[in-house]
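Q: Please examine one part of this model closely, beginning with a single loop position and following its contacts into the rest of the fold. A connected account would be preferred to a list.

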Amino acid sequence: MQHVPLELNFGNAANYVFDARTPPVLSVRAGEEFTAEVQDTYNGVLRDNPALLQPADMAPYTDQQPFWYNPVCGPIRIEGAEKGDVLAVQILEINGITAGSVATVPRAHHFAGMRGWEEADEPFTGVVRNTLDSCEFDYGGHHYRWPARPFLGTIATAPEYEVLASLPTSFGSIMAAGGNLDCCAVGPGATVYLQSMNPGGLLFFGDMHASQGDGELCGVANEVSGTVRLRCDVVKNTWLRNVRVENDESLISLYCYRPVEEAMKQAIRDLILWLEHDFGLTRREAYLLISMCPDFHLRTYQMCSGLGRLMTTVGAEFPKYLLGS
């Protein structure tokens, strides 16, 4: 099985952009499994020394504008993919998860400048102890434990001619190409559908999290390094409006935008069109079902504050058991 080692996936300018001109780190056949080690969003710096703070102690990565955060592996070239096709990226397994870093950053949160919230506006680095099953965190004499639910925060195909930074880009030329989505549904068992804008598809991914609450509200989650096993299939001659995610239980249409109400509207619109085109539901039928079924969900996966051009990520999630009715 082909493998991309960690040292190829951070520390160089090409690791912080989605760029079709970057030479592929790997070329695979459609349906071929491969693995890659990905670095955490802080390039391992805070994990290796939690006494450091960001951004103050993150040089040389913060000497760049935008910062060299959120390194990605790629591009991966998928043989036979062309512009106007769709990559169906299956996330088969995540393992080898490291300890996690979590942080607060001055002015990069929802309550910056408000009286009484000064503590949240001070730099802080914390360490999370992770296994594939659980996450543990200590703070102020309290011990917390919750389930691990690892996923890739960033997954995208290269734009046709633009060069886009991996940190502040939720989507590039088109929404369906992906970006820094921070959607916790992009984990093991999921298939992510991304628009190909170039020969070979040119897939990028990284920003692994061991866990994340809805909204990723302080701007970061449980940021980790680890190994992911993937395979990519090619859906020929198909154009998407949105990034789409499918797992055993659900169909999820993603959209990134502000205000959040518009993002939700566009995610719902694409979900209804997906149900109509691929599953034969009428638009009214789908509209009625999502209004009534308690297992339809509108989730806000990422709503970071203070991160410039990064958009809010929402998902409209439809339960697949309704498709068998």
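**From a loop residue into the core**

A: Once neighbours within four places in sequence are set aside, G31 is in contact with R231, C232 and D233. The model is a predicted one, and the account below should be read as a description of that prediction. G31 sits in the loop that runs between strand 3 (26–28) and strand 4 (33–38). Its relative accessible area is 23%; because this value falls between the limits of 20% and 50%, G31 is classed as partly exposed. As a reference for distance across the model, the C-alpha atoms of G31 and E122 lie 47 Å apart, with the two positions 91 residues apart in sequence.

Two routes lead inward from this loop. One follows strand 4, and the other follows C232.

Strand 4 contains V38. With a relative accessible area of 1%, V38 is buried, whereas G31 is partly exposed. V38 touches L6, C73, F205, G206, M208, S225 and G226, residues up to four places away in sequence not being counted. V38 and V72 are 34 residues apart in sequence, yet their C-alpha atoms are 7.0 Å apart in space.

The second route passes through C232, one of the contacts of G31 and also one of the contacts of L203. Beyond its neighbours within four places in sequence, L203 is in contact with C73, G74, P75, I76, I78, L87, V89, I155, A156, L194 and C232. The two routes have a residue in common, since C73 is listed among the contacts of V38 and among those of L203.

L203 also belongs to the largest nonpolar core, which has 73 residues. Within that core, I76, I155, L203, F205 and L271 touch the most other members. The greatest contribution to this core comes from helix 2 (residues 260–279), which supplies 7 residues. A further core of 7 residues lies apart from it and includes F18, A156, A158 and L202.

L271 leads on to the packing of helix 2, as L271 is one of the residues by which helix 2 meets helix 3. The axes of helix 2 and helix 3 (residues 283–292) are 9 Å apart and make an angle of about 125°. Because 125° falls neither in the range from 65 to 115 degrees nor over 145, the two helices are oblique to each other. Their crossing is right-handed. On the side of helix 2 the contact is made by I268, L271, I272, L273, L275 and E276, and on the side of helix 3 by R283, A286, Y287 and I290. Sorted by class, this contact has 8 nonpolar residues, 2 charged residues and no polar ones.

The loop between helix 1 (45–48) and strand 5 (72–78) deserves separate attention for its backbone. P55 is located in this loop, and the peptide bond joining Q54 and P55 is cis, with omega at about 10°. P66 lies in the loop between helix 1 and strand 5 as well, and the bond from Q65 to P66 is also cis, omega being near -5°. N70 is placed in that loop too. The phi of N70 is positive, about 60°, although N70 is not a glycine. As background, most residues other than glycine have a negative phi, and most peptide bonds are trans. N70 has a relative accessibility of 0% and therefore counts as buried.

A comparable backbone feature occurs at D182, which has a positive phi of about 55° and is not a glycine. D182 lies in the loop between strand 13 (178–180) and strand 14 (191–195). Its relative accessible area is 3%, so D182 is buried.

E136 offers a further case for the accessibility classes. E136 is in strand 9 (residues 134–139) and is partly exposed, with a relative accessible area of 24%. Neighbours within four places in sequence aside, E136 is in contact with V127, V128, R129, H143, Y144 and R145. E136 and G100 are 36 residues apart in sequence and 9.7 Å apart from C-alpha to C-alpha.

Key: Residues numbered from 1 in each chain as written. Predicted model: local features only at pLDDT ≥ 70, side-chain atom pairs only at ≥ 80, totals over all residues. Heavy atoms only, no water. Helix = DSSP H or I, 4+ residues; strand = E, 2+ residues; numbered from the N terminus. Buried < 20%, exposed > 50% of the residue type's maximum accessible area, 1.4 Å probe, protein only. Contact = heavy atoms within 4.5 Å. Core = buried A, V, L, I, M, F, W, Y, C linked by side-chain atoms within 4.5 Å. Axes fitted to C-alpha atoms, helices over the stretch in contact; angles between N-to-C directions. Parallel < 35°, antiparallel > 145°, perpendicular 65-115°, else oblique. Left-handed = near helix turned anticlockwise from the far one by under 90°. Nonpolar A, V, L, I, M, F, W, Y, C, P; charged D, E, K, R; others polar.
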